[in-house]
Amino acid sequence: MPQKTFYLETFGCQMNVHDSERVIGTLISQGYRQVSCIEAADLILYNTCSIRDKAEQKVFHRLADHKRLRAQGKRFGVLGCVAQQEGAKIFDRAPHVSLVCGSASYRNLPQMLVQIEAGQRVTGLDDRETDECFETEFTARTNPHRGYITIIEGCDKFCAYCVVPLTRGKERSRASDSVLAEARQMADLGYREIQLLGQNVNSYQDPTRKKSFSELLAAVGGIPGIKRVRFTTSHPRDFGRDIIEAIEAVPTLCDHVHLPVQSGSTRVLDAMQRLYTREQYLERISWMKGARRRISITTDVIVGFPGESEAEFEQTLSLVKEVEYDGIFGFKYSPRPNTPALNLEDRVPDPEKVRRLAILNEHQREIQRLSNKRYLGSIIEVMVEGKNELRQQWTGRTSQNKVMNFTAAEGREPGLGTFVQVVTTECFPNSLAGEMVV
């Protein structure tokens with residue numbers, strides 16, 4: 001009997017990417033084989049994101065593009081946030097779909113697969129009050145050198161613009177012993193960089209009460225064989241000095257913190273239900289700026305939130321100038337289903353959102369252009385991630401999460417996943433360039 005096959009496409013954030021790795025592991029453990037060609041798959045899955053409307057629409061376009069394959073006996077499944085958000089309505093919009101499954105129901109995939117194979121339609125939607133996390137014995141990791149570990153799922157913050165609390169459920173943390181066991185296993189398998197994940201990763205609460213988030217960071221960083229530990233995404237309300245102290249004390253913890261601000265206006269932050277003020281956010285920035293080693297700081301910013309005035313947008317620009325971020329992910333506000341912001345008035349016209357985002361990006365580009373000049377002539381450790389054959393350049397990342405493109409002397413080419421020393425010879429707004437030190 002031929003082996004069952006599946007195709008999986010992932011949309012959205014690193015959490016979704018890692019969720020897909022665990023889904024793949026589960027499917028393989030159930031006798032499926034992953035294929036890269038959609039026409040060769042018996043089961044076609046889309047792991048979805050609903051943070052922004054564009055990502056959501058992509059999924060339905062994919063389903064429409066490939067519904068002709070249903071006549072060949074192929075089955076379709078929608079996983080993740082759009083599945084949880086839309087629920088059984090997906091069957092109405094795309095009748096050829098057999099599976100609709102939210103992220104907290106992935107633990108039930110083995111039983112769902114049996115039902116799908118029997119020709120049934122299956123809906124696995126999350127109970128927001130569930131205390132269960134999705135853990136699997138086999139994770140099909142896509143990178144042999146860097147791996148993700150989800151330590152907390154869900155969100156209790158209920159920002160006015162965000163669907164995550166509705167699509168991923170309440171915050172629920174894994175036991176620290178379970179996290180550390182997975183990290184040790186990864187180290188034994190040769191992984192050198194680990195990234196701890198969570199919608200609000202620093203809101204972690206060990207259900208066994210053994211370790212705080214900063215203590216867990218330090219413990220993962222102390223595992224033999226692990227060279228780098230990253231974490232994302234942090235919420236400002238739960239960001240304490242102890243995190244900075246851990247970064248200072250443990251050399252393997254990377255010099256990088258992603259701390260979304262969203263707006264520089266306290267009034268807008270309050271309307272967003274962000275749970276902190278501009279001043280409180282800047283206090284946390286001051287802790288990082290005062291650290292013994294330079295910490296790279298990146299952030300998320302939303303422009304055009306309902307009611308945001310020109311003066312309040314200028315407050316965001318002034319905060320960006322004051323902090324001098326190493327990188328910004330800027331977004332136009334996008335109305336999302338069932339969120340409180342849908343009921344707010346004074347909507348900012350889309351052309352104005354476009355204008356504000358362009359101004360924000362231009363301000364940030366200039367900040368990065370000037371900021372990256374400080375690295376000229378310095379020698380930086382880089383983890384090698386790949387090679388651009390056309391340019392004959394290697395590429396990798398620094399501890400501060402900066403992209404470094406570099407050359408290596410003939411006969412001294414580095415291996416993927418290794419750590420090399422690179423002298424910086426050029427700088428650009430979004431990357432550095434250099435030569436490997438022999």
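How many aromatic pairs does the count come to in this structure? The count comes to 6 aromatic pairs. The points below take up one of these pairs along with the sheets, the helices and two backbone details; the model is a predicted one.

1. The aromatic pair of Phe6 and Tyr32. The ring centres of Phe6 and Tyr32 lie 6.4 Å apart, and the ring planes stand at 70°. Planes over 60 degrees apart count as edge-to-face, so Phe6 and Tyr32 form an edge-to-face pair. Phe6 belongs to strand 1 and Tyr32 to strand 2, and the two residues are 26 apart in the chain. The pair therefore links distant parts of the chain.

2. The sheet of 6 strands. This sheet is open, its strand order is 2-1-3-4-5-6, and its pairing is parallel. Which strands stand at its edges? They are strand 2 (32–34) and strand 6 (122–124). Each has a single partner strand, so one side of each has no neighbour in the sheet. From one strand to the next, the twist averages 25°.

3. Strand 1 against strand 2. Strand 1 covers residues 4–10 and pairs with strand 2 in the parallel sense, over 3 bridges. Lys4 has Tyr32 of strand 2 as its bridge partner. Tyr32 is also the residue whose ring pairs edge-to-face with that of Phe6.

4. Helices on the sheet of 6 strands. Helix 1 (residues 14–29) packs on this sheet and touches strand 1, strand 2, strand 3 (43–48) and strand 4 (75–80). The direction of helix 1 makes about 175° with that of strand 1. Helix 5 (residues 109–117) lies across strands 1, 2, 3, 4, 5 (97–101) and 6. Helix 5 runs at about 165° to strand 5.

5. The sheet of 3 strands. A further open sheet has the order 11-12-13, again with parallel pairing. Its edges are strand 11 (256–258) and strand 13 (327–332). Each of these edge strands has a single partner strand, so one side of each is left without a neighbour in the sheet. On average, and with direction ignored, neighbouring strands here are turned by 15° against each other.

6. Strand 12 against strand 13. Strand 12 (residues 296–303) runs parallel to strand 13 and is joined to it by 6 bridges. Which residue of strand 13 does Val303 stand opposite? Val303 stands opposite Lys332.

7. Helix 11 with helix 12. Two packed helices are described by the angle between their axes and the distance between the axes. For helix 11 (residues 278–289) and helix 12 (residues 310–323), the angle is about 15° and the axes are 11 Å apart. Angles under 35 degrees count as roughly parallel, so helix 11 is roughly parallel to helix 12. The crossing of helix 11 past helix 12 is right-handed.

8. Residues between helix 11 and helix 12. Helix 11 brings Arg278, Tyr281, Leu282, Ile285 and Lys289 to the contact, where they meet Gln315, Ser318, Leu319, Glu322 and Val323 of helix 12. By class, the residues of this contact divide into 5 nonpolar, 2 polar and 3 charged.

9. Backbone details in loops. The peptide bond joining Thr232 and Thr233 is cis, with omega at about 0°. Thr233 is in the loop between strand 10 (228–232) and helix 9 (241–249). Phe158 is not a glycine, yet its phi is positive, at about 55°. Phe158 sits in the loop between strand 7 (146–153) and helix 6 (164–168).

Conventions:
Residues numbered from 1 in each chain as written. Predicted model: local features only at pLDDT ≥ 70, side-chain atom pairs only at ≥ 80, totals over all residues. Heavy atoms only, no water. Pairing = 2+ DSSP bridges. Helix = DSSP H or I, 4+ residues; strand = E, 2+ residues; numbered from the N terminus. Axes fitted to C-alpha atoms, helices over the stretch in contact; angles between N-to-C directions. Contact = heavy atoms within 4.5 Å. Parallel < 35°, antiparallel > 145°, perpendicular 65-115°, else oblique. Left-handed = near helix turned anticlockwise from the far one by under 90°. Nonpolar A, V, L, I, M, F, W, Y, C, P; charged D, E, K, R; others polar. Phe/Tyr/Trp six-rings, centres within 6.5 Å; stacked < 30°, edge-to-face > 60°.
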